[in-house]
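Colleague: Got a minute to go over the charged pairs in this one? I'd like to talk them through with the model open.

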Amino acid sequence: MSFLNLGLPAVLAGLAGLAGILFVLQQLRVRHAAITVPTTLFWAAAVREAPVRVFRRRFRHWLAYLLALLICALLWIGFAGPEVDRQGGAEHTVLFLDGSAHTSDPADFERAKRELVNDVAGLSPGSREVLFGGAHTLKLLDPGEDRLLLEKRLASLAPEASPSRLDEQLRLMTRNGAYPETVRVVVYGRAPVGDRTLAELPAGFSVSRAVGYAPAAVNHGITALGVGPAASGAWDRVDVQIGITSSGGSSVAADGLPIGDLQIGIGGRDTGDAVLTRVSADRFVLRDVLADGATLEVRIDVADKLPLDNVARLTLPERSRVRVAVAGGVGSAIASTVDSTIGSTVDATIDSAIHNAIRADKGLELVAEDADDADVIVRLASDTRPIDRPAITLRPMADQDTAFEIAYVGERDTRQVLEASVARLGLDQIDAMALASAVDRPIGVAVFEGAERQVSIWSELLQPNYNFVHSRSFPLFLSKSLRWLAGEQAWYAYLAAGRTVTEQSARSSLGPADDGALETLGADYLPARAGTVTVDGDADWQVSLLSEAVSGLSAGAAVETSALGTAVGVPLTGLVPWLILAALLLFGIEWYLYQRGLMP
Amino acid sequence: MASRAAFDALFDPDFLTALERFRLHAKRVSPAGRHADQASRDRGAGLEFADYKPYVPGDDLRAIDWNVYRRLGRVFVRVFEERQDLPVYMLVDRSKSMFLERRPRIDAGLKAAFGLASIVLAQHDSVGLFAFSNTLEVKIKATSGRNRLMTFGRQLACLDEAHETCLADAVHRLAGMRLRRGLLVIVSDFFDPAGIEAVVAAMKLCRHRLLLLQLSKDADANPGVHKDLHGDVRLLDCESGAAVDVTIGPAVLARYQEIYQAFNDRLAGFAQQHGAGLIRLNADGDVLEQLRALFVSGRLLV
C-alpha cells in the first residue's frame, strides 16, 4: 500500500503523533480559576452528580482512548490518500508527451494527450511521472501527484516550433542518477528516438511508443534560411539562401517544392528587385536583398502535415558604409621621422597604404578631412583639434608604452574586452614577432575605459621599413578597427531553434561582431524555439525552426509500440470516502455511548 | 467594627425616622415582665379590664366593684390585664461569609438589626444582642429604654469578622440560657456547614418565637450573574477553606439551583410550620424598603 498525499513514514509518524496527543489529552486536567465564595455547600452537592474535569488523572479509559484513536487514525489515513499498488513491480514509468514540432499536427497532439490521460489513470501514482517535451522539458506530474491535476495542466499546452528534446531527456535521465534501475519511458507523439541514444541506454531503461502512427502524408518544410554577402558585390545587399525539404513520396522528394508555392516578404513588403532563383531541387537563392535590418519571412503556401515548419523568418543585417576621414599630413608626419632623402617616397607610401586599405573595403567610405558626418577619423596624436568621435590615433613610441591601446566605452570587464578585441580588431592576424624584432620592443595590447572609442598605435609601425603597411594584415586591421570604432551592429548568418549561435558568429567572416549583442546572448546561448529573441531590450532577432529531422518526418530508431492499455495498477482513492464514513459511524457510536453515560 | 458597619451609617436619621411608624406586636408576652405595652397573661394593675374575681383578704380595696355588691350582695373585685414588655434577642451572624464580597451581607444585616432594635426600644420593649460564629457571645443583655439604642448601635458596629457559621450550635446554646421567653431574631445567611436540617432541628427546640432574617444575594440563587462563575473553576469556601472543583455548565448550574431552592424551601417550610417570621433580605437592596414590606400597615405581629 502506498499513499497519494504523504509518504509512508509521514503517515506512520502522524499516527504516532496522534496517539501521543490523544494519550496526553486523556491524562490532562483543566486548570481551575480559584474563586472564593460564601459557601461551597450547594456546589459540592451539585458536583457530586456532575463530576468535574481534572487536569491530570490516572489513565483508566483504555477503550475510550482506543475509540478516539481509531477515529483519528481513520481520518488521518483518509487524508494521506491510501492506494493499493496492483502493479507489483518496482518499475518506474516516465510518460513523455512530445510537444515539439514533430507532433505539431493538431490531430496527432490531441490523440497523444488522450492516450496519455488514459494511461496515467491506470498507473500507480507513486511510480510514474509525466514530462512534456516542448521547447523546454516540463514536469507535468510528479510521482505521487493526483492525476486530476494532469488534465488541467495539459489544457494550456500546445506544440511548439522547436526540435524534439526526447534524446536530450533520455540522456539526462540515464546520467543524473535520480531514477531507479528499471525505467520505462513511454513516448506520446511523433518525437523520434536517435539510434545512438537508443544504443547508449543502460540495461534497465526501455523506450516504447504508446501510439503507432501511420506514415505521414506529404510534408514540405523550410530547413535552411541564411544570409551571405551579395554575390553581386554590392556592399549594402545580401543574398538569402533558402532550403526546402520535401518528404512523403518519392516524386515529391525528387521534384521539390514548386517555386510558386514559396511566398517571401520583407518587412511587410514584397522583395522589390531581389530575384528568387532555384539552384537545386531543394535550394533557392534570393539575390541582392537590401540589408536594412528588416525581417524577411519565407512561407510555404501549401497545406501539409506539419504547419510549424512552413514559416521561417530571418533578421536581415543592417549594412551601412562607415565614413572615414583621414587627417592631412599623416604620411608626411611619419615620414619626417625617417631619412629625408626618402621622405617624400615614404610619405606617399603611407598615405596611399591607408587610403588604399579604406578604398578596398566597400563597407568603408573615404570622406573629406573636415567632413562633419565622418563616423571615424584617422589622426595624429599631435593634432590639437578636439576629439568628438571615435578615432585611430597615431602616436610616437616615445609617448605610448604599448603598441596598441584600445579605449572602450561603458563599464565592462577589462580582461574580456582585451580578449575580444584581439580578434575583433584583427590583431591576431598581425605578425607581432616580426614587428617586435624590427622595433626592438615588445608588441602589446592595452585596453582602458574612455569617453570615446579609440585605437592608438605607434606611428613608427607605419614606417615602410617595418613592413606593416605592406602586410596583408594591415588592411584587415584597419578595416576591422574602423568598423568597431563606428559601432557597427553584429549580425548572424542564421538563427535556428536548438542550435547555438556563438560558433557561427565567431567563424563568420561576413561581418564584425560588435561586443554588445553577442555577449548579451551569451557564448552558449541556444534559442529553444522559433520566434523573436530580444537582446538588450531593443534588438530583435528572428529565430526559425530549420530542422531537417522535423521537416523530413524523421521516424528515428525503431522502438517498440506497446500501449499501456487499461489499468495495470488501480489507485484506490475510492477508499477515502469509506474511511470517512467509518469515522463518522464511530463518531456516532461514541456520541451514543457518551449520552448513555457509558463512557467518560 | 466601625469600618465594616459604620457607626454613623447605622445612625442614619432618615432611616430611624422612617422606622418610627412601625410597631412590633406580640400576641402574648410571657409573664413576669416589666410593665410595658405588650399584652400579657398576667392579671393585676392595668388599664384594660379583664375579669371579676371574688374578694379575698389582701386584695386591693380600690378594685372592689360596689355595683356588683349592691346587686348581688357579694364582694367581687375587678381584675385588669397587665401590659408587659417583649424581650427581643438579636442573634447576629458574624461569620466570614457575612463579610465576603463587595457589598457584604453584614452591612444589610446590621442595619436591619439596628432598625428592629430601634422599633423595639421605642415601644418600651427590651433588646438583647448576641453574636455568633463558631461561638456564642452575649454582647448586651436584654434591656429597655430608648437611650439603650446608642449602646446597641455601638455594639453592632463593633462586630467584626470571626470564623465559621455554627448557627445550630448557637441556637442550642441560646435556648439553653434561662432567658425569659421572647422573640429571637436570627440575622444570618444560614450557611451552616452542618446543613439546614441541623439548623431547623435546633430552632425547633427553641422556646422563643422566631423571626428569621435570611441575608441573601442575587448570585446565591443565580450564580450565572457572577462574572467569574463559569467554566472550570475551583471554589474556595471562605470559612473552611475547602476547595470544590467545578465545571460549571448548564447541567451543573441547573442542579445547583435545584439544591439552593430546596434549601430555601426547607427554611420557609419551617417558618410556616412553626409560625416563625421569615424575611429574605437582599443584601444588595434597600433595607428600609424591605422592612417596610415586612411591616404591613406599619405593624408586625409576632
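Modeller: Sure, let's go through some salt bridges, keeping in mind that this is a predicted model.

Colleague: How many salt bridges does a search of the whole structure find?

Modeller: The search gives 32 over all chains.

Colleague: Okay, chain A. What does A:Arg323 pair with?

Modeller: A:Arg323 meets A:Asp375 in a salt bridge, at 3.5 Å from N to O. That pair links distant parts of the chain, 52 residues apart. A:Arg323 sits in strand 18, while A:Asp375 is in the loop between strand 19 and strand 20.

Colleague: And how accessible is each partner?

Modeller: A:Arg323 is partly exposed at 26% relative accessible area, and A:Asp375 is partly exposed at 25%.

Colleague: Switching to chain B: what's the partner of B:Asp59?

Modeller: B:Lys53, with the closest N and O atoms 3.1 Å apart. B:Lys53 is partly exposed at 31%. B:Asp59 has a relative accessible area of 18%, so it counts as buried, the cut-off being under 20%.

Colleague: What about B:Arg78?

Modeller: B:Arg78 forms a salt bridge with B:Asp65, and their closest N and O atoms are 3.2 Å apart. B:Arg78 lies in strand 4 of chain B and B:Asp65 in the loop between strand 3 and helix 3, so the pair ties together parts 13 residues apart in sequence.

Colleague: Is B:Asp65 buried or exposed?

Modeller: Buried, at 5% relative accessibility. B:Arg78 is partly exposed at 29%.

Colleague: Last one: which residues do salt bridges with shared partners join into one network?

Modeller: That network joins A:Asp105, A:Asp108, A:Arg190 and A:Lys305.

Note on methods
Residues are numbered from 1 along each chain as its sequence is written. Chains are lettered from A and ligands numbered from 1 in the order in which they are written. This is a predicted model: local features need pLDDT of at least 70, side-chain atom pairs count only at pLDDT 80 or more; totals for chains, interfaces and linings use all residues. Side-chain values use heavy atoms; hydrogens and water are left out. A salt bridge is a side-chain nitrogen of Lys or Arg within 4 Å of a carboxyl oxygen of Asp or Glu. Helices (H or I, at least four residues) and strands (E, at least two) are DSSP runs, numbered from the N terminus. Buried means under 20% relative accessible area, exposed over 50%, partly exposed in between (1.4 Å probe, protein chains only).
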